[in-house]
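These are my notes from looking through a structure that is new to me. I wrote down each thing as I looked it up.

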Amino acid sequence: MSAWSVFAQVLEVLVALVLAPLLTGWVNQWRALLRNRRPPSVLQPYRLLHKLFVKDSVIAEHASPLFRMAPYVVFGCVTLACGVIPTLSTDLPMSVAADVIALVGLLALARVFIALAAMDVGTAFGTLGARREMLIGFLAEPALLMVLFSVSLISQTTSLATMVHTVTHRALAVYPGLPFAGVAFVMVSLAENARVPVDNPTTHLELTMIHEALILEYSGRHLALMEWAASLKLFAYSCIGLVLFFPWGVAPGPAPGALALALVALVAKLAVGGVALAVFESLSAKMRIFRVPEFLATAFLLAVIGLLVHTLTAA
Amino acid sequence: MLAGPGSWLALDGVLLVIALWLLVGLVGVAALRRFRFVARVLFPIGGGLGLALAALALAAAFGRPQVAVLAIGLPGLPFHLRLDALSAWFLLVIGVASSGVSVFAAGYFRRGEGTPPGLLCLQYHVFLAAMAGVLIADDAYAFMVVWETMALSSFFLVTANHRIPEIRRAGYLYLLIAHIGAIGILMCFGVLQAGTGDYTFANMRAQHLSTGWASVAFGLAVFGFGAKAGLVPLHVWLPEAHPAAPSPVSALMSGVMLKTAVYGLLRVLFDLLDAPQWWWGALLLALGLASALMGVVYAAVQVEMKRLLAWSSIENIGLIVAGIGLATVFAAFRMQTLAALALTASLFHVATHALFKSLLFLSTGSVLHATSERNLGKLGGLIRSMPWVAWITLIGVLASAGLPPFGGFVSEWLLLQSFLFTTGLPHEVLNMLIPIVAALIALVAALAGYVMVKFFGVIFLGQPREEKLAHARDASRWERAGMLWLAIGSIALGLFPVQVIEVIDPVTRGLIGTGLGEAAARSGWLLAPTSVARASYAPLVFLLGGALGCGLAWVLVRRLYHGRVRRAPPWDCGYPWQTARMQDTAEGLGQPIRQIFEPLFRLERELPSPFDAQPRYRVVVQDPIWHAVYRPIGALVARVASLVGLLQQGRIAVYLMYSFVTLLALLVWVSR
Amino acid sequence: MAGFAFQLINVLGALLLLLAFAMISQRRILSLIHLYTLQGLALVVATTLVGHETGQPHLYLSALLTFALKVLLIPALLHRLIDRLDVRWDTETLINIPTTMLIGIGLVIFAFNLALPVAQLSASIARSSLGIALACVLLSFLMMIARAKAVPQVIGFLSMENGLFYAATAATYGMPMVVELGIALDVLIGVLILGVFMFQIREKFESLDIRHLETLKED
Amino acid sequence: MDVEILWFVLGLPLAGSLALALVGHRHVAMDVNVGFSVATFVAACVLTVQTVTGGPRLALGGAFWIDPLNAFLVTLTAFVGATTAIFSRPYMRVERDHGKMTAPRLRLYHSMYQLFGFTMLLALTTNNMGILWVAMEAATLTTVLLVSVYRTAASLEAAWKYFILCGVGIAQALFGTVLLYMAAERVVGPGGGSLLWTNLEAVKSQLDPRIVTIAFAFLFIGYGTKVGLVPVHNWLPDAHAEGPTPVSAVLSGLLLNVALYAILRCKVLTDAALDSHLAGQLMMGFGLLSVVAAAFLLTRQKDAKRMFAYSSVEHMGLMTFAFGLGGPIANYAGLLHMTVHSLIKSAIFFSVGHAAQKAGTQIMEEIRGLVHVSPMVGWGLMLGALAILGMPPFGVFASEFLIITSAMRQQPWATPFLLVALGVAFASVFGRVQPMVFGDTSLKRLGHRPAAIPVYVHLGLGLMLGLWVPPYLDAWYRQAARMIGG
């Protein structure tokens, strides 16, 4: 691994940290526009984070150390995840440290800690949120794995970098399994990032909220970290989707020019993706919590079908 | 076959450890009621012996197989002993796990709990010795003797508190199924010896059975060892027996004893039988998945902590067996490398499960002693009153949920890897099925996370659901030490998978002919079973990255901003009248699972109507298999018995008639 | 001459069989005892004849023994028994008599067929004797099954012993002396014990009806 | 030399019965009983040592024949007789104190006990198939008296059934013997020699198959009734349940074995004469039937002694099956099973006897928590039950191991039945013994000291045979197994 690849790694993490809130802001802005509202500034999330960091953090008197520890763990995990995904370059020191399975495990670790932290204070909403989060988790996680597997079967590998590499540097071929995987992935990432049909990131309506219920007891810097982690997660998922299904532009090696190009391509793709997400969210309505399992089960099945279709055509 | 004098040491050492364990037990009987001596001296000694066993096993793992013959047994069939890589691996697991459990037990057992301490000490150490004996037995008779001794000693341990009828019933069910399974194993050996009358495993290895007989032997082995391992549908004893036993015993049974069954299955399947059939593997795969799914789903809806863990043991055994099944399929198609991969995953999981499950059972034991509550609905918030137990348990919980960078994740990672590479199978149906299997494995893994969050969250987090929990005392020094040891173990397994796989390598070499050893060695700290380009996982880098992320975040936040914290009542959307009763109960946390997997359950619901004066909600989840399989069998036996009972109906004339008719029939038959 | 003796032996055998049938059909205990005595007598004669024909002295001894035991001693015992227990009345049967007779005939046919091949190569004088003996045994067995009272059962048991003796005598020139003595001893003691038993049963159950002895069973 | 010793082996119990007929009601009687039994055991040991060194031989002018097969049974019989006598000391004391045993009954009991021992030893050692029959019949007579010794309605009924059924059965055996004699006489020639085992053994291959077939049918049914094979077992549970416990112990421990021994002798002749496997098939069929039927009958029992009586039926069936299987391994297993079953089963009856005396009933629901009442009795019963159910490392498991594994390849069809039967038997017996031994109890601690030595000596030996068969015993088994052949 050369100094450049280390640089690429660091750059990538920093880009993720910086771009993540921006992506959130961008999506929110478009949502507002699509609803004929005056949109908040794209930079609103940064302001929010700053405000929260400045404020004292107020926590329940009987909260355990785990409660205070959780935001850092979650933040760390998600950052690491962003570092693993080859958004700019496929030649990253971290990419060998974790393949897709490890990536999913990493996100699961973050989820478990959020849930535990939510249960720690012992309020009705906290436990409720934790239960719902884990419910979504155990349905979304296998679906995500299946999606990744169907791609990894194409490239005969589970290491993201190699996947991207093969998908980019192969004569354009049509894989009938991929569309299923793509749809499934979209559904999963909607659920995982608490987007509309599953959860509403802006709601505080007790009966429907999931993500908000989890972080209800947090305030100040802890809340800031949680929110930042949330937007990082959204960023990560978007990147996974992009590198898996639209991997063009990702730099094969850590050459500075290529990196710059990749960065531009990434921003462009994210912008488009954000708009698409906003459109989708505005068009669809929030579903009842009891419908969510069916929604995710559908995603799971789609992913499995994709896998089957692939094996069928491969065999 | 006969090993050189140099390599004799390990096997002799193992024998010595076994003998010393027995000795410790006898000393315990001698000091029948001297509680302090038994607890504080004998049990730690037993733990030390466990460590010694682990060391010996590690030494023997890479050596040639060692054999020995004891002067006891049947005439012409003395006890043959053999220590090869497979035995060594399981011995290692037993040694490490049991040492932790023994140290814990030193602080656990209290006065006046059923059986006198000395007797308990005897049964406990005989149990340990028998488990070690199972792993080195090299002929059918020796194997059966130690096998049943293991069952018997564990039965007495389970019913240590035999004044409670439920516990007696649980023990009875356990021993019954164990015994019937043992007869199955016995018949399996009967087939394997191929009528030669020579019951040594060496002879069985030499025999080449016809496919039919081999399949019979395989079926009997699956039946016998499955009954011990708790494979669905032979699992019914497990959720009864494990909660009934004292916690260290449950830890040993769940963590270690179930593994001896896995060992037996491997021994018969890959060592004694030659040329496995692919459908054997398919069968194992199906059984394993059924157990895994059923186990985890039932664990999710349990409201009693040890029962929850027992069901999760069924799940883990299911995963292990599924891995073995996959390995069998590969072996049947001569895809040795992949077989080695799958087998390595199973063996790795054997170790991780042994450690974290023992740890979790021990922590339930501490909770039980501190609160005398086993019902999740009455626990909560213990992380404040018993921080030691809570934080150590958290490690076990994360490992059990299969989260990186802990031990559980590595085995799941390997297992999924091996599933991913199955598309090359020369068998279309399997190629179709395997992805679905992989999906189910992923589902099970995710559900395990759910279960563990429920387990930890309900016991240790939130507010205490009962007043008395507030002043629960933390575990004693001995208990902490034991649990800490196991926790360290499961962390180490997670961080140094490559080194562990190098120990497993000789095992797979011995059984399948190839291993992941040099691949692992090549990639150094990086776990890459086949090639780095294909799949890799580096827990240490991983951990460093994560720690770096957390640490930097922590430091920077304090540098750039501040570290001020204000304490206040919980916010909870501004609702001030929070009580502990408003938290989700165990049932509540199980509700989504109950809803989604309804067909798998046999539910007894009692829902209140809106007009009830005192509305009462009750839901009982029962095992459908108990009703679908075991009840009918019992009824059938009863009916047959009542029919046979007609023979004995007291009238002498009828009795004379019997012998008269028998005589005539016999005369007709012989003079035909 | 010899041939005549053989026929005589066979006739005696037939007589034995006839008596067995008579026992089956007989209701009154007293006459059952008489029939038993007659059977014993026939046995004695047969034994002496065989002894005379084959010139085996120990058969005379055996005949003497049989006479003492089965013509004098046991009948006397039985007589005293029924006097003391006062059970002279008719004994009812579990299976009605005609049926029993029919079954009996079937048994005889079966026994003869069974014994036929063996009798062919029997070196002994009386070829058919084995079949007859077997038939006697089976018939007494049948009688034991069919009778509901204790005493007839015992008599059935004893007449079965007779059949066996006849087999031993006619088919093979009598068992070795020591065995015969042992058997005789056993029979005698057996009868004594049975007698004692009957008194005890009587005093426990106020009757000798064995249908009282049906409490030990699977319920 | 050997002459004297055999005199002692047979004479001691006979003398004992006469002596006890005189003093049996006295207080010393129990000790006298023990004395004679132990002396007999010592004599038997000497006899067997001579047999081991000298090999099989005739004794007392050809009237008796000692070979490995019966020599080891002689020792076993004498041993169990002795230990049972030791057990019956405290047991009968309690019975007398409870007033269940009056002085005349005690006298009868003791004298008959010795006489029974004599008949057993006679049946084993005699060289004459006729005397064998006589001895078996005599054994029936003595045990009938022993069973009925309490004079209760139930015991009378049991004894009556026992007498009639076994009497009839044994009569069949006599007919078989006559046929055998007839067959043999044609080869050996007239004269008394034709019933001597030694002669039969010599000419067994020339015996006429047709006669021998029928003879074996009669002998099998006859002696099989005493072995307790289903469906002619019906006397067995009653006799075991209603007699005094020491009698149940010797019935299970000795009588059944000796009856099976008789069948084995006949089987040897039949196999040689027919050179077909007919006898073996018969024995396997009836053995298996007994195992299965007994196992299912076990599930319905309420009375402890009755239950273990059925378990005896089951185990005799297993032995019969093993001997029917034939071959060195199965025969070896059968002999081993014979030994261990006698030891363990009598030990169980000892424990049950004490337990029943303590609880004042044999009904199992009313016996609870024996470990609290008397750990000796409780653990004795628990270990005995586990041993008889085939739990290693007790010897029963060793023999079952050999039987099942060899059956698995020779007669696979039989093994599922065995699996089911053993499973059902385990479920029913253990399910009843566990609450008897463990759990809470209403009873007070045992008043008198139980006879722990016999129980634990038997269990110890059973354990030893599971882990280590002494070489000379092993050699013995091997010779005997070879003689049985098949």
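I started with two helices of chain B, H11(B) and H17(B), in what is a predicted model. I looked up how they lie against each other: the angle between H11(B), residues 278-301, and H17(B) is about 25°, and their axes are 9 Å apart. Angles under 35 degrees count as roughly parallel, so H11(B) and H17(B) are roughly parallel to each other. I also noted the handedness: the crossing of H11(B) past H17(B) is left-handed.

Next I listed the residues at this packing. From H11(B) I found, among them, Leu285(B), Leu289(B), Leu293(B) and Val297(B). On the H17(B) side, the list includes Val437(B), Leu440(B), Tyr450(B) and Lys454(B). I sorted the residues of this contact by class and got 15 nonpolar, no polar and 1 charged.

I then turned to the contacts between chains. Which chains share the most contacts? Of the 4 pairs of chains in contact, it is A and B. I looked up the residues involved, and the contact takes 72 residues from chain A and 69 residues from chain B. On the chain B side, the elements that give two or more residues are helices H14 (382-385), H16 (407-420), H17 (428-460), H21 (539-560) and H22 (586-596), together with strand E3 (565-568). H17(B) came up again here, since I found that it gives the largest share of that side, 16 residues. By class, the side of chain B that touches chain A has 45 nonpolar, 16 polar and 8 charged residues.

I checked what strand E3(B) does across this contact. It runs parallel to strand E1 of chain A, residues 57-60, and 4 bridges join the two strands. I wrote down one bridge pair, Ala60(A) with Ala568(B).

I also looked at where chain A has no contact. Chain A does not touch chain C, and their nearest C-alpha atoms are 56 Å apart. Chain A does not touch chain D either; there the nearest C-alpha atoms are 42 Å apart.

My last entry is on chain C. How many helices and strands does chain C have? I counted 7 helices and 0 strands, and the pattern along the sequence reads α-α-α-α-α-α-α. The C-alpha trace of chain C spans about 55 × 35 × 30 Å along its principal axes. I compared its radius of gyration, 18 Å, with the value near 17 Å for a compact globule of 219 residues, and the two agree.

Technical notes:
Residues are numbered from 1 along each chain as its sequence is written. Chains are lettered from A and ligands numbered from 1 in the order in which they are written. This is a predicted model: local features need pLDDT of at least 70, side-chain atom pairs count only at pLDDT 80 or more; totals for chains, interfaces and linings use all residues. Two residues are in contact if their C-beta atoms, placed from the backbone, lie within 7 Å. Helices (H or I, at least four residues) and strands (E, at least two) are DSSP runs, numbered from the N terminus. Ala, Val, Leu, Ile, Met, Phe, Trp, Tyr, Cys and Pro count as nonpolar, Asp, Glu, Lys and Arg as charged, and the others, Gly among them, as polar. Two strands pair if DSSP finds at least two bridges between them. Axes are lines fitted to C-alpha atoms, for helices over the stretch in contact, and angles run from 0 to 180 degrees between N-to-C directions. Angles under 35 degrees count as roughly parallel, over 145 as roughly antiparallel, 65 to 115 as roughly perpendicular and the rest as oblique. A crossing is left-handed if the near helix is turned anticlockwise from the far one by less than a right angle, and right-handed if clockwise. The radius of gyration is taken over C-alpha atoms; the globule rule is 2.2 Å times the number of residues to the power 0.38.
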